[in-house]
Amino acid sequence: MKKLLDIAAEIVQAQASVGLMSAEQIEQSLIKTFSTLQRIQQAEDRGMLLEGVPAGEISSSQIVGEPIQSIQDDKIVCLECGTQMRQLTTKHLGAHNLTPREYKRKWGFSMKQPLSARSLTKARSKAAKKRGLPEKLVKFLEERKQKKLETLATSELAVEKAGSGASVKKTVRAHTTA
Ligand SMILES: [Zn+2]
């Protein structure tokens, strides 16, 4: 992502190129543009622009409203007891005498809804996509990994051989015979 200042500079440059601006005007325009961009970014960071739900409201421990709000970027909140975790496990739901299926039905989740933090779900689907890569690419990556491992193994071996192990043994033997 571009830095805010870079973006602001570009905007002001564009403005300056069409009209005659004094150095002072350019400076003021830059400050103004920068602070506006900063405000937008701060709003974005707080999640204000995400799905129209202010993040501040969701992050309170008590979830009120839609069950789907219990699934957040970095955590999922158990709607039965309010515990926050990365993943709502079968074991945890068992404590409420629920299976994941029953839990989803009870709270109106789609059966496809993963009961884990969004970031975790994203990471998983990324891994799944990687598995779905064209065969050739996967093979290439595997080969590269293999080569790396081989190089690592040989260098470790070399270290072992060159290491003090052998010479220490020799010295010990020399001592015992002497
Ligand atoms: Zn619970």
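Two residues are taken to be in contact when their C-beta atoms, placed from the backbone, lie within 7 Å. With that in hand, Ile-71 touches Ile-76 and Arg-118, once its neighbours within four places in sequence are set aside. The model is a predicted one, so local features need pLDDT of at least 70 and side-chain atom pairs count only at pLDDT 80 or more, while totals for chains, interfaces and linings use all residues. Residues are numbered from 1 along each chain as its sequence is written.

Now for the overall layout. The protein has eight helices and two strands, where helices (H or I, at least four residues) and strands (E, at least two) are DSSP runs numbered from the N terminus. Read from that end, the order is α-α-α-β-β-α-α-α-α-α. Among contacts with a separation of 6 or more, 40% join residues 24 or more positions apart.

Burial comes next. A residue is buried if 20 or more other C-beta atoms lie within 10 Å of its own, exposed if 12 or fewer, and partly exposed in between. Of the 178 residues, 7% count as buried. The largest nonpolar core (a set of buried Ala, Val, Leu, Ile, Met, Phe, Trp, Tyr and Cys residues joined through C-beta atoms within 7 Å) has seven members: Ile-71, Ile-76, Val-77, Cys-78, Leu-88, Leu-115 and Ala-117.

Helix α6 covers residues 118-131. From first C-alpha to last, its 14 residues reach 20 Å, close to the 20 Å expected (1.5 Å times one less than the number of residues). The helix is hardly covered, with zero buried residues.

Two loop residues are worth a look. Glu-80 sits between β1 (76-77) and β2 (84-85), and it is partly exposed because 16 other C-beta atoms lie within 10 Å. Trp-107 is 27 residues away from Glu-80 in sequence, yet the two are 9.6 Å apart, C-alpha to C-alpha. Asn-97 lies in the loop between α4 (90-95) and α5 (100-107). Although not a glycine, Asn-97 has a positive phi of about 55 degrees; with 8 C-beta neighbours inside 10 Å, it counts as exposed.

Last comes confidence, given as pLDDT, the predictor's confidence in each residue, from 0 to 100. The mean is 75, and 68% of residues reach 70 or more. Among the elements, α4 has the highest mean (96) and helix α3 (residues 55-59) the lowest (45). Over residues 49-64 the pLDDT is below 50, and this stretch has 17 contacts in the model beyond near neighbours in sequence. Where pLDDT is low, predicted coordinates should not be read in detail.
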